[in-house]
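Trainee: Could you take me slowly through one part of this model, the place where nonpolar side chains gather?

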Amino acid sequence: MSKIRGRADIFNLRIPGGSGLPCIWMVWVCVLFAAMGCRPGPEGRRADLVIANSVEPESLDPVFITGQADARVVESLFEGLLRIDPESAAPVPGLAASWTVSEDSRVYTFSLRPGIRWSDGRPITAMDFEKSWKRALDPANAARYAGLMFAIEGAEAFHTRRDEKAESGPGFRALDDQTFEVRLVEPRSYFLHLLTMPIFAATPAHAILESPIRWILEEDVPVSGAYCLEWWRLNDSIRVRRNPLYWDNENTRSEVVDFLPISNPSTALNLYLMGDVDVIWDKDLVPTHVVDELMGRDDFHQFDYLGTYFLRFNTTLKPFDDPRVRRALSLAIDRERITLRITRAGEKPAATFVPSGTHGYDFGRTPVIHNPSRARQLLAEAGYPDGKGFPPVEYYFNGASSGPASNHQKIAVELQAMWKEHLNIQVKLKKNEWKVFLVDQESLNYQVSRSSWIGDYNDANTFLEIFTSSESNNRTGWKNSQFDALIDQANRTLDGDARESLLRQAEFILLEEAPIAPVYFYKGTHMFDANRVHGIHFNILDRHPVRAVSVSPGH
Amino acid sequence: MIHFIKRLAMMIPLMLVISLLAFALVRLAPGGPFSGERSFANEQILKELEARYHLDKPVLVQYGYFLRDLLRGDLGMSMKYRNHTVNDIVRQGLPVSMALGFSAFVFAMSTGITLGVITAWKKGDLTGDLLALLALLFICVPSMVLGPILILIFAVYIPLFPTSFFHTPWHAVLPVLTLGVYYSGKISRLVSEGIQDALASDFIRTARAKGVSPILLLFRHALPMGILPVVSYSGPLLADLLTGSFVVENLFQIPGLGTFLVNSSLNRDHTMIVGLVLIYSTLIIFFNIVVDSLYAVLDPRIRSSR
């Protein structure tokens with residue numbers, strides 16, 4: 001008995017009626033508040049502009065980034081020779097005030113704006129560009145976007161260490177503090193578009209030298225863009241504040257901007273509806289289960305977007321080494337059924353690989369994309385009349401139970417049914433997790449696989465180029481010398497019409513040979529109240545400089 | 001005390017085994033940390049990148065590098081978040097996960113014990129049955145259902161609490177409820193069963209015969225016995241709450257480690273997986289040892305058997 005009483009004393013539960021229990025509750029409240037105390041709160045007021053920005057950026061280093069969400073933040077911090085116009089997304093002068101182009105269109109000479117400075121007060125010189133670009137090309141930094149720089153003389157050799165012994169290095173150099181010269185391999189009509197990409201931005205070599213990997217996390221990191229990085233709290237927020245030394249500071253609209261790394265669409269919608277977020281800025285942040293309801297709202301905006309959902313065929317394996325089989329499978333797909341029943345966000349069925357609306361390019365007549373009888377005929381010609389003797393085939397996709405990848409499964413099931421119905425062939429479905437899927441696709445360890453491609457710049461080349469023989473993003477095993485030659489020739493052609501016609505011929509071959517089957521073009525989606533939020537203009541690249549966006553006061 | 005220190009010392013070889021297993025398993029998984037939708041310009045660049053993280057070496061050599069860095073308190077660079085070290089991420093995320101986990105623990109304990117005592121006390125009448133039903137309900141509703149319902153009611157329809165993030169105590173209320181409710185139901189059942197067992201035992205009958213008042217019987221005699229199962233449950237419970245907050249972190253956009261733990265394996269972020277597994281297992285083992293020792297202090301039967 002006495003021992004039991006002793007224990008009761010430990011619990012401080014001596015008084016009948018349970019006044020010990022409220023004690024526990026008091027402890028709870030104290031612990032809770034103490035725990036909260038260690039957390040940094042949201043210092044000061046709410047930011048002037050709060051953006052729901054999809055997943056946490058992998059990096060804020062212009063050289064390392066790959067995702068669109070990363071780029072939105074990086075573009076506000078670092079600027080290149082050119083920047084994009086908020087309305088048209090066309091390249092306009094950035095840190096370079098002007099440039100001249102040589103007669104053969106191969107040498108660009110840029111004049112930097114006089115008096116431009118890093119946010120720490122140091123002048124930005126042409127030498128900074130030379131160092132930034134060299135760093136971007138340095139193979140040790142393994143930039144995934146380094147390929148965008150290969151239009152520059154010697155860049156590819158430098159990046160892939162092909163000319164270890166060559167003295168020359170890549171074809172760009174600072175002529176003096178203000179002048180920067182770039183020599184191209186061949187004339188490139190879209191070269192100025194490329195220069196607005198983050199990988200071409202000026203990065204602070206002096207800060208990177210001191211802290212090569214964590215430099216972006218150091219305090220007061222020098223920036224060249226409209227905003228300085230105030231903090232980067234993982235999975236919480238990235239806050240940027242106006243850079244008073246930015247050359248166009250007077251046109252920066254919002255003082256403080258928060259980017260929230262949100263990957264759950266419902267969370268984004270909740271925050272938006274509660275007024276904690278001004279803009280939902282990513283197509284993946286739209287909760288698909290309420291999309292019908294959202295489409296009726298004034299603050300739900302949709303626009304054409306430079307992205308294509310498509311299938312890749314492994315052309316090195318039977319039966320897909322026969323273009324007739326690939327075409328047959330492609331013609332059997334009822335794309336409208338997929339966009340109307342599954343994706344349901346206004347996507348357009350894709351008859352071509354290059355999205356409609358791409359700058360300076362139009363495929364012309366729309367090819368027939370759904371023709372089951374022609375599909376059956378092609379399959380019969382290939383030796384499989386009514387699907388007889390067709391070997392077992394697998395459709396490979398990456399899946400997830402929720403989020404934007406959850407549609408892949410539904411589309412796979414639909415495709416399976418269409419191929420069964422129209423071609424009488426059995427296609428098995430194989431789902432794998434993203435990283436495994438990527439490795440398998442890269443090593444051609446698949447038969448038919450789900451794919452997508454988002455354009456980097458507003459030109460058909462960003463799409464067509466990936467299916468040239470030497471491209472590492474090809475991933476189909478398809479090689480066609482005629483296609484390669486046409487792309488090559490097109491990129492050397494400066495005359496718009498002549499170039500368009502060459503690219504058209506190339507895409508015609510791509511669609512005839514069908515190493516891929518385009519399914520639909522993505523739609524860009526934003527949520528914001530246009531009466532409150534100003535300066536966001538829809539464009540096919542879905543790029544919107546943050547410096548131009550403002551929220552009306554008083555809301 | 002010596003026993004306690006001995007058990008703490010035993011943690012070191014255990015941690016080594018765990019880290020080696022985690023280390024080897026992540027390297028067995030298909031798909032690498034650097035496979036991406038956009039390929040590198042050539043194979044050589046990928047190889048160089050992997051070499052920087054010693055991925056070109058045999059696993060045991062890699063493990064050697066890992067141990068060397070670990071001795072300096074360095075868990076390595078994240079392979080996904082290329083500007084961050086694993087230490088950076090742990091420094092930011094661990095306090096948040098701990099705050100959330102401990103708050104939910106205290107909530108689950110206090111609510112669960114209160115509920116359990118009343119259920120046992122009122123057993124047989126309607127209140128008791130209703131409370132028992134409530135505890136059952138707590139156990140049955142998973143957090144991924146409860147969370148959105150709470151958000152909808154208490155943040156959207158009645159804007160009492162924020163929907164997301166973890167900045168002030170207000171921000172913590174809904175996540176702590178969501179995380180703690182299941183466990184409070186469990187504890188309530190443990191307590192009420194424990195008390196009812198105790199109430200049926202001989203010494204209570206003796207006490208009752210001696211004329212001890214029912215309230216005194218419950219709180220002074222039955223509760224201390226009934227609560228013992230909860231003490232032994234609290235070790236795994238703490239571990240559960242500290243590691244199992246992924247769903248809640250995701251729902252409420254809480255910047256804790258749970259999200260990183262799950263995503264790091266999807267990203268094949270080798271350094272991060274091993275680092276986080278090590279940290280979580282340290283916490284789990286440590287709390288279990290502490291609770292075991294506490295149990296020995298509280299229950300004389302265990303103490304005397306040693």
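Mentor: What follows looks at that one part and then at how the two chains meet.

This is a predicted model, in which local features need pLDDT of at least 70 and side-chain atom pairs count only at pLDDT 80 or more, while totals for chains, interfaces and linings use all residues. Residues are numbered from 1 along each chain as its sequence is written, chains are lettered from A and ligands numbered from 1 in written order, and side-chain values use heavy atoms, without hydrogens or water.

The largest nonpolar core (buried Ala, Val, Leu, Ile, Met, Phe, Trp, Tyr and Cys residues joined through side-chain atoms within 4.5 Å, where buried means under 20% relative accessible area with a 1.4 Å probe, protein chains only) holds 108 residues, and Leu60(A), Leu77(A) and Ile187(B) have the most contacts inside it. Its largest share, 16 residues, is given by helix 4 (residues 86-121) of chain B, a helix being a DSSP run of H or I with at least four residues, numbered from the N terminus. Because domain 1 (1-64 + 230-293 + 528-555) and domain 2 (79-224) of chain A, with bounds from an automatic or database assignment, both give residues to this core, it lies between them.

Beyond its neighbours within four places in sequence, Ile187(B) is in contact (heavy atoms within 4.5 Å) with Ala108(B), Met109(B), Gly112(B), Ile113(B), Val230(B), Tyr233(B) and Leu237(B). Another core, of 38 residues, lies apart from the largest one and includes Phe64(A), Ile124(A), Trp133(A) and Ala202(A).

As for the two chains, 77 residues of chain A are in contact with 72 residues of chain B.

Note on methods. Buried means under 20% relative accessible area, exposed over 50%, partly exposed in between (1.4 Å probe, protein chains only). Helices (H or I, at least four residues) and strands (E, at least two) are DSSP runs, numbered from the N terminus.
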